[in-house]
Amino acid sequence: MTDLENILKRRIEESGPISVHDFMSDALLHPEFGYYQRSNPFGRSGDFITAPEISQMFGELIGLWCVDCWAKMGGPSRVNLIELGPGNGTLMKDALRSAKLVPEFVNAMSLHLVEVSDRLINKQKMALSDHTVQWHSHFPEDLDGPYIVIANEFFDALPIHQFLQSESGPKERAITYVDDKLTYTTMAVAPDAQPFCNPAYLDKLEPGEIYEVCPSALSIITSIAHQIAEKGGAALTLDYGPEKSATGDSFQALKDHKYVSALEHPGEADLTAHVDFGRLADVARECNVTVAPITSQGRFLERLGIEARALQLSAKATDSQKEKIASDHKRLVSSSGMGTLFKVLCFHHTLSASPAGFRE
Ligand SMILES: C[S@@+](CC[C@H](N)C(=O)[O-])C[C@H]1O[C@@H](n2cnc3c(N)ncnc32)[C@H](O)[C@@H]1O
């Protein structure tokens with residue numbers, strides 16, 4: 001039994017089942033035993049690998065995307081570059097290396113990272129030791145000047161509620177402890193979850209069918225969109241999930257690069273849920289920013305020129321490096337890799353032309 005499982009077991013014995021939302025929140029963010037406090041959650045040697053950890057090309061192209069956005073904003077003398085959930089800091093390190101091609105951008109930029117894990121903040125400090133960085137535990141709403149916000153595999157790590165319809169009315173999926181095992185059950189929708197349990201959605205569900213809501217994703221997107229509507233800028237979110245809102249259970253766990261039961265190793269497996277891109281786009285639109293048509297990661301990276309960058313890197317590479325560049329490239333863009341499952345959402349204030357990577 002993991003340390004966290006012991007804590008959850010005692011809590012359930014004392015106060016009854018806990019919602020999927022609270023389970024996910026503790027399993028990922030418990031200050032002592034949460035998954036993101038572990039020494040090495042991701043990367044080739046961790047439980048899963050993210051796009052920036054696959055290849056430097058990913059972060060480099062995003063760095064150039066940021067510079068392009070800044071230029072299309074008119075090249076302001078101050079701009080806040082903010083990354084949500086920067087993990088090991090790899091994306092930002094690669095992004096800043098390519099952004100340095102335009103020193104005016106780097107001179108205008110103040111760098112902000114939003115992170116809750118102390119362990120990962122230490123990794124980010126090492127990765128970005130050449131830069132001045134301000135860390136925040138929440139998305140900063142009080143900065144002067146426009147915002148460029150990037151988030152890769154951040155929103156899928158935020159806790160979700162799972163609702164279903166029953167004969168006695170709406171219920172929330174929850175977790176209890178039976179026969180020495182964490183097990184799914186249902187419970188009445190808790191008061192703090194009620195505002196998100198929309199009867200219009202529930203009424204369309206088949207018996208047992210689930211619909212998911214991620215309140216913190218909705219509120220963070222709202223905050224970002226308000227800042228961009230007021231101060232200018234753009235936001236770029238890459239993550240996995242459907243382009244249009246869908247029902248179904250997407251709560252899942254990865255350990256040692258394999259899918260495992262979401263309840264089996266609390267604190268020791270990565271837990272995620274699909275990002276509801278359609279809903280996030282609607283929320284942003286309501287804040288009066290322009291939303292670019294959602295695209296796939298594969299198309300986005302191709303439009304940014306990943307093929308040319310792969311060729312450029314290969315030109316100076318050994319044979320085995322060439323093979324790795326080709327397979328990393330394929331993994332990032334192909335539909336058998338991350339190219340189709342992963343989507344890209346961008347919303348922005350007035351720009352002189354569409355943001356790179358999207359067709360508008
Ligand atoms: C799946 S990792 C992605 C890391 C990185 N973006 C990458 O692509 O490699 C999720 C990141 O979000 C951070 N995180 C999770 N929940 C958070 C929250 N509520 N606020 C801030 N950061 C959070 C984690 O600590 C981690 O850095």
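This report covers one helix pair and several salt bridges in a predicted model.

## Helices H12 and H13

Two packed helices are described by the angle between their axes and the distance between the axes. Take helix H12, residues 306-315, and helix H13, residues 319-333. Their axes come within 9 Å. They cross at roughly 165°. Angles over 145 degrees count as roughly antiparallel, so H12 and H13 are roughly antiparallel to each other. Their crossing is right-handed.

Which residues make the contact? From H12 come Ile306, Glu307, Ala310, Leu313 and Ser314. From H13 come Lys322, Ile325, His329, Leu332 and Val333. Six of these contact residues are nonpolar, two are polar and two are charged.

## A salt bridge between H4 and H5

The structure holds 10 salt bridges. One of them pairs the side chains of glutamate 60 and arginine 97, with 2.9 Å from N to O. Glutamate 60 sits in helix H4, residues 56-72. Arginine 97 sits in helix H5, residues 90-99. The pair therefore ties together parts that are 37 residues apart in sequence.

Is each partner buried or exposed? Glutamate 60 is buried, at a relative accessible area of 4%. Arginine 97 is partly exposed, at 37% relative accessibility.

## Salt bridges within one helix

Helix H13 also has an internal salt bridge, between aspartate 328 and lysine 324. Their closest N and O atoms are 2.4 Å apart. The two residues are four apart in H13, so about one helical turn separates them. Aspartate 328 is buried, with 7% relative accessibility. Lysine 324 is partly exposed, with a relative accessible area of 39%.

Helix H10, residues 277-286, holds another such pair: aspartate 282 and arginine 285. They form a salt bridge whose closest N and O atoms lie 2.9 Å apart. Three residues separate them in the sequence, about one turn of the helix. Both ends are partly exposed: aspartate 282 has a relative accessibility of 39%, and arginine 285 has a relative accessible area of 43%.

## A shared network

Which residues do salt bridges with shared partners join into one network? They are Glu60, Asp94, Arg97 and Arg309. Glu60 and Arg97 are the pair described above, in H4 and H5. Arg309 falls within the residue range of H12, the helix that crosses H13.

Note on methods. Residues numbered from 1 in each chain as written. Predicted model: local features only at pLDDT ≥ 70, side-chain atom pairs only at ≥ 80, totals over all residues. Heavy atoms only, no water. Axes fitted to C-alpha atoms, helices over the stretch in contact; angles between N-to-C directions. Parallel < 35°, antiparallel > 145°, perpendicular 65-115°, else oblique. Left-handed = near helix turned anticlockwise from the far one by under 90°. Contact = heavy atoms within 4.5 Å. Nonpolar A, V, L, I, M, F, W, Y, C, P; charged D, E, K, R; others polar. Salt bridge = Lys/Arg side-chain N within 4 Å of Asp/Glu carboxyl O. Buried < 20%, exposed > 50% of the residue type's maximum accessible area, 1.4 Å probe, protein only.
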